[in-house]
Amino acid sequence: MKNLLTLSLLVMSQSLMAATLTVESNSSIQDVVKQAEDGDTILVEPGLYHQSVYIDQQNITIRGLQVDGRFAVLDGKMELNDGIIAGGHGAVIDGFHIKGYKGNGIMTQGSNNFKILNNFVEGAFYGIFPQYGKNGLVQGNTVTGAEDAGIYVGMSDNIDVLDNIAYGNVMGIELENCRNSLMANNNVYGNTAGLVVTLIPGLPVKTASDLVLRNNTVKENNLDNFAPASSIAATVPAGIGIMVVGVDNVIIKDNDIEGNANLAIGSFDLVSFGVGGDPKLDPYVDGLQIYNNKYVNNGTSPRGILADMIAMSGMDGVEILDTGKARKSCLIKQKGLVTLGLDNFSKCGDYDKTNYETAQLSTPIESPVYTAQQKGRLTYLAVCTGCHSYNSVLHGPSMQSIQALYGRDTVTLAAYITSPVRKHKDFPEMPQQDYLGEKTINAISNYILNELEQ
Amino acid sequence: MESTFESLQTQKWDVDKVGCGAVYAYEAASQSTFDIELKLNALGAQLNYFLVLEKRYPALYEAGELGQKLNLRWDAARARSENLLAQSEKFDFIVPEVGALKSIYLLTSTLKNTAMKKQLQTLPVARDLMKEALERDSQVLDGLGHHVMAKLYVDLPVFAGGNQALGLEMYETALASQPNNLELVADMLAGYLAKGDEKRQKELITIASKIDTSTLNKQDVVDLYKTIGGMASRLGQQDAVEHFRTVRENLLENNPQLLSRKATAVLGHGGNDPITGEDPNKL
């Protein structure tokens with residue numbers, strides 16, 4: 001009894017101690033973030049902020065206020081790489097207008113129990129990109145103009161992606177190497193491909209499975225692919241409503257799929273899609289279930305590679321396609337629905353009638369405190385790889401050349417990262433990274449010079 | 001010059017040397033009008049070069065300086081191959097290897113630096129060329145034709161002429177006559193993975209672990225052991241994984257010129273697991 005009372009008092013005192021900090025209009029968000037402690041709330045007044053923001057405290061809520069129709073707008077002006085990055089667990093990022101960033105609009109890296117809510121993100125390579133997270137929610141956001149995916153959930157488990165709007169992206173919403181996650185009640189239209197679930201080779205997570213895509217509106221995703229020519233997103237064919245690539249146990253049900261010129265639903269194995277090559281993963285689709293969807297005017301004007309693929313069969317008006325290699329899969333075929341490659345699909349019999357309200361866990365998941373070394377790696381992946389690859393020039397010099405230049409001098413490298421000075425006219429100017437904070441920059445510097453590819 | 005390019009062809013860890021070999025081969029072949037064997041060997045050198053180049057491309061994102069350089073080399077190899085084929089096609093009526101090599105050229109030259117649409121369009125053409133070559137000589141290219149045809153049947157979508165059962169049958173026939181062909185076994189593994197036949201996959205992994213690799217190209221062994229070992233890892237065959245890992249690591253340690261093919265991170269993807277620091281693709 002005494003222990004219970006002590007615990008209750010401790011919890012109460014912690015919540016009482018949580019502060020609310022306010023960022024005054026047009027001032028530095030990062031300066032206020034630096035003052036925040038675990039559990040605090042940061043309110044950002046409407047205004048224009050040309051900044052990148054990095055949060056690595058735990059359980060921080062950062063909320064853009066809306067007053068008289070004015071929003072907190074983060075504008076990278078195509079000079080900065082990332083809008084808001086959260087490395088701490090329990091992050092809540094809510095209510096911002098984010099535009100003009102070259103890399104990520106909003107990113108969480110290794111953050112569990114996160115919530116990304118009610119943001120409007122324009123442009124960027126990835127609009128909203130939670131990665132390596134567990135138990136999260138992406139809800140009520142609008143994303144547009146992403147050169148890869150508007151919402152891109154990577155290598156995460158137990159994630160709900162609900163009630164978002166995605167238009168004008170290469171992929172509207174993508175789950176990559178995710179497990180036990182849900183896409184529901186989203187409205188995706190005018191993208192190259194609407195909803196995409198993938199198993200990408202070579203990544204640390206070698207499976208993708210148990211995903212439910214239900215009650216989404218997926219309309220007219222026929223936008224020409226505008227991803228950079230050499231990126232994997234450039235292989236996404238235009239005109240697909242819902243695309244499954246190598247993922248197991250996907251349920252596609254109760255969706256409204258209309259006006260997608262190539263296909264309502266396309267199911268591909270990695271080999272046929274041309275992204276094989278990881279022997280540790282199974283590249284074939286297993287356990288796909290498709291039922292109770294509404295199909296209107298899909299597959300009416302196939303183009304590009306899918307047109308050629310469908311033409312090989314001599315059919316037209318194909319609405320659902322599989323490369324013929326999906327296993328243990330089923331379909332309830334509505335009258336008039338034209339399919340190709342689904343001969344080995346059975347009729348879904350006793351399919352699971354669960355409504356799949358949520359994939360999130362009932363209680364927050366345990367969230368380990370990351371070591372400095374882990375933070376260095378996570379932030380390197382989130383921030384540095386946007387412009388640097390290891391053994392080649394991407395935008396900035398290769399990491400191999402940086403290692404050769406600095407040797408083991410982590411102090412000088414950290415100083416440079418904090419306040420870079422343009423050294424070669426052949427490279428663009430590197431944005432200041434001081435927003436990451438001294439501890440994180442030291443961790444990154446140590447990772448680059450003492451660990452990376454050593 | 002011929003012996004030079006033959007020697008350079010084997011140095012698969014060095015894209016520059018293999019590239020030089022491909023150029024030497026081309027120049028030697030171009031100096032002769034009627035030496036069809038020389039021309040086909042030169043074409044084979046280009047195909048070998050494509051496969052070496054292909055492994056140098058980054059896994060996920062091919063932009064930047066490296067991707068551009070590789071594309072330039074790829075285009076040059078393509079041009080040489082096209083010229084060699086043009087020089088060789090007059091011999092097609094008597095030499096079935098011409099059609100077979102053209103098929104393989106279509107398949108290898110479209111692995112990279114090629115629009116997906118073009119890749120797809122070449123597959124049935126490659127299939128038909130190889131089919132015809134096999135009808136003329138069932139052992140064309142010392143059994144390689146049979147191997148390639150099997151792979152095509154397994155990999156092609158069913159509505160594009162793919163036939164998994166036939167492909168696997170062809171693989172088994174090929175294995176019967178080439179029991180020590182490690183690359184064949186690796187491709188068969190992929191075929192049985194497509195079928196979902198774990199039992200046969202495990203048998204093939206055991207077969208692979210017993211193949212004598214002492215006469216094989218060391219870079220090929222390093223690469224194939226990574227592939228087969230990865231598949232063994234997925235199937236839980238830890239003894240096999242240990243075998244492939246040990247042999248591979250010994251090769252890499254004793255032959256520092258060999259490439260380990262470790263992938264690195266780009267654009268927020270790939271590289272080591274940031275939580276554990278481990279390479280997720282190592283055996």
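**Exercise 1: charged side chains**

Decide which accessibility class B:Glu278 belongs to, given its 40% relative accessibility, and then identify the residue with which B:Glu278 forms a salt bridge.

Solution. Step one is the scale: buried means under 20% relative accessible area, exposed means over 50%, and partly exposed lies in between, with a 1.4 Å probe and protein chains only. B:Glu278, at 40%, therefore counts as partly exposed. The model is a predicted one, in which local features need pLDDT of at least 70 and side-chain atom pairs count only at pLDDT 80 or more, while totals for chains, interfaces and linings use all residues. Residues are numbered from 1 along each chain as its sequence is written, chains are lettered from A and ligands numbered from 1 in the order in which they are written, and side-chain values use heavy atoms, with hydrogens and water left out.

Step two is the partner. A salt bridge is a side-chain nitrogen of Lys or Arg within 4 Å of a carboxyl oxygen of Asp or Glu, and by this rule the count comes to 28 over all chains. For B:Glu278 the partner is B:Lys282, with the closest N and O atoms 2.8 Å apart; B:Lys282, at 43% relative accessibility, counts as partly exposed.

**Exercise 2: a salt bridge across the sequence**

Find which elements of chain B hold B:Arg200 and B:Glu172, and state how each of the two side chains is classed, B:Arg200 and B:Glu172.

Solution. The side chains of B:Arg200 and B:Glu172 meet in a salt bridge of 2.9 Å, N to O. This pair links distant parts of the chain, since B:Arg200 sits in helix α10 (residues 198-210) and B:Glu172 in helix α8 (residues 164-177), 28 residues apart; helices (H or I, at least four residues) and strands (E, at least two) are DSSP runs, numbered from the N terminus. With 16% relative accessibility B:Arg200 counts as buried, whereas B:Glu172, with 25%, counts as partly exposed. Finally, a network of salt bridges links B:Glu172, B:Lys199, B:Arg200 and B:Glu203.

**Exercise 3: aromatic pairs**

Describe the geometry of the pair A:Phe129 and A:Tyr152, and then that of the pair B:Phe50 and B:Trp74.

Solution. A pair of aromatic rings is described by the distance of the centres and the angle of the planes. Rings of Phe, Tyr and Trp (its six-membered ring) pair if their centres lie within 6.5 Å, and planes under 30 degrees apart count as stacked, over 60 as edge-to-face and the rest as tilted. By this rule the count comes to 10 aromatic pairs over all chains. A:Phe129 and A:Tyr152 are stacked, at 4.9 Å centre to centre and 10° between the planes, and they join distant parts of the chain, namely strand β13 (residues 126-131) and strand β16 (residues 149-154), 23 residues apart. A:Phe129 and A:Tyr152 are buried.

In chain B, the pair B:Phe50 and B:Trp74 is tilted, at 4.8 Å centre to centre and 50° between the planes; B:Phe50 belongs to helix α3 (residues 36-54) and B:Trp74 to helix α4 (residues 64-88), 24 residues apart. Both B:Phe50 and B:Trp74 are buried.

**Exercise 4: helix α5 of chain B**

Compare the end-to-end distance of helix α5 (residues 96-109) of chain B with its expected span, and name the helices against which its buried residues pack.

Solution. The expected span is 1.5 Å times one less than the number of residues; for the 14 residues of this helix it is 20 Å, and the end C-alpha atoms are 20 Å apart, which agrees. Of these 14 residues 12 are buried, so the helix is largely enclosed by the rest of the structure. Its buried residues, among them B:Val98, B:Leu101, B:Ile104 and B:Tyr105, pack against α3, α4, α6 (116-136) and α7 (144-155) of chain B.

**Exercise 5: a sheet in chain A**

Give the strand order of the open sheet of 10 strands in chain A, and explain why β3 (47-49) and β30 (294-296) are its edges.

Solution. The order is β3-β6-β9-β12-β15-β18-β21-β24-β27-β30, with parallel pairing; two strands pair if DSSP finds at least two bridges between them. β3 and β30 each have a single partner strand, so one side of each is left without a neighbour in the sheet. Within the sheet order, β24 (residues 217-219) and β27 (residues 256-258) are joined by 3 bridges, and A:Lys219 has A:Glu258 as its bridge partner in β27.

Technical notes. Contact = heavy atoms within 4.5 Å.
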